[in-house]
Amino acid sequence: MTGIVRILVDADACPVKDEIYKVAYRLNVPVVIVANSYFRVPAHPLIERVVVSDGFDAADDWIAEQADAKSVVVTADILLADRCIKAGGTVLSNTGKPFTGNSIGGAIATRAIMADLRAGGDIIGGPAPFSNADRSRFLSALDAAIMRLKR
């Protein structure tokens, strides 16, 4: 456990990195951007880039191992969210929706049902397009999560 509040970001396909940086700068919270390939990040003392191997789930494994009660994890990956919740972390989706111990079971079940439908050849739509409302909701949720952990 690091003891300081920090943000761990599953960087692959994360549409809110700029918003994360803004909140981090304003609240003076370190951010770790994790990916399995080189990723541009701002040159700033609060921002750290971690490039893991390209092994299956290497970024997820690194984040899950680092997550603790002082971490806010940003991910759209439901299985990673589950691992981080079990490690005591606060987990937010890219749209600001919190993953909690109470909600993660339903999210995992829905994910499994959708995977089964796709495997059976059913044509199902993907997630709704990312919107400005999602961006705004994410900013509010991240701010609130960090303030709660800093208390």
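The buried residues of helix α2 are covered by elements that include β1, β2, β4 and α3 (78-86). Helix α2 itself spans residues 58-66. The model is predicted. Its six-stranded sheet is open, and the pairing is mixed.

**Helix α2**
- Buried residues in α2 are A58, A59, D60, I63 and A64.
- Strands β1, β2 and β4 are among the elements that cover them, and helix α3 (78-86) is another.

**The sheet**
- The six strands follow the order β3-β2-β1-β4-β5-β6.
- The edges are held by β3 (47-51) and β6 (98-99). Each has a single partner strand, so one side of each is left without a neighbour in the sheet.
- Strand β2 (residues 31-35) runs parallel to β3, and five bridges join the two.
- Within that pairing, A35 has V51 of β3 as its bridge partner.

**Helix α5 on the sheet**
- Helix α5 covers residues 132-150 and lies across three strands: β1 (6-10), β4 (71-74) and β5 (90-92).
- The angle between α5 and β5 is about 175°.

**Cysteines**
- Zero disulfides turn up in a search of the whole structure.
- C14 has a relative accessibility of 6%, so C14 counts as buried. The cut-off for buried is under 20% relative accessible area.
- C84 is buried too, because its relative accessible area is 0%.

Conventions:
Residues numbered from 1 in each chain as written. Predicted model: local features only at pLDDT ≥ 70, side-chain atom pairs only at ≥ 80, totals over all residues. Heavy atoms only, no water. Pairing = 2+ DSSP bridges. Helix = DSSP H or I, 4+ residues; strand = E, 2+ residues; numbered from the N terminus. Contact = heavy atoms within 4.5 Å. Axes fitted to C-alpha atoms, helices over the stretch in contact; angles between N-to-C directions. Disulfide = S-S within 2.5 Å. Buried < 20%, exposed > 50% of the residue type's maximum accessible area, 1.4 Å probe, protein only.
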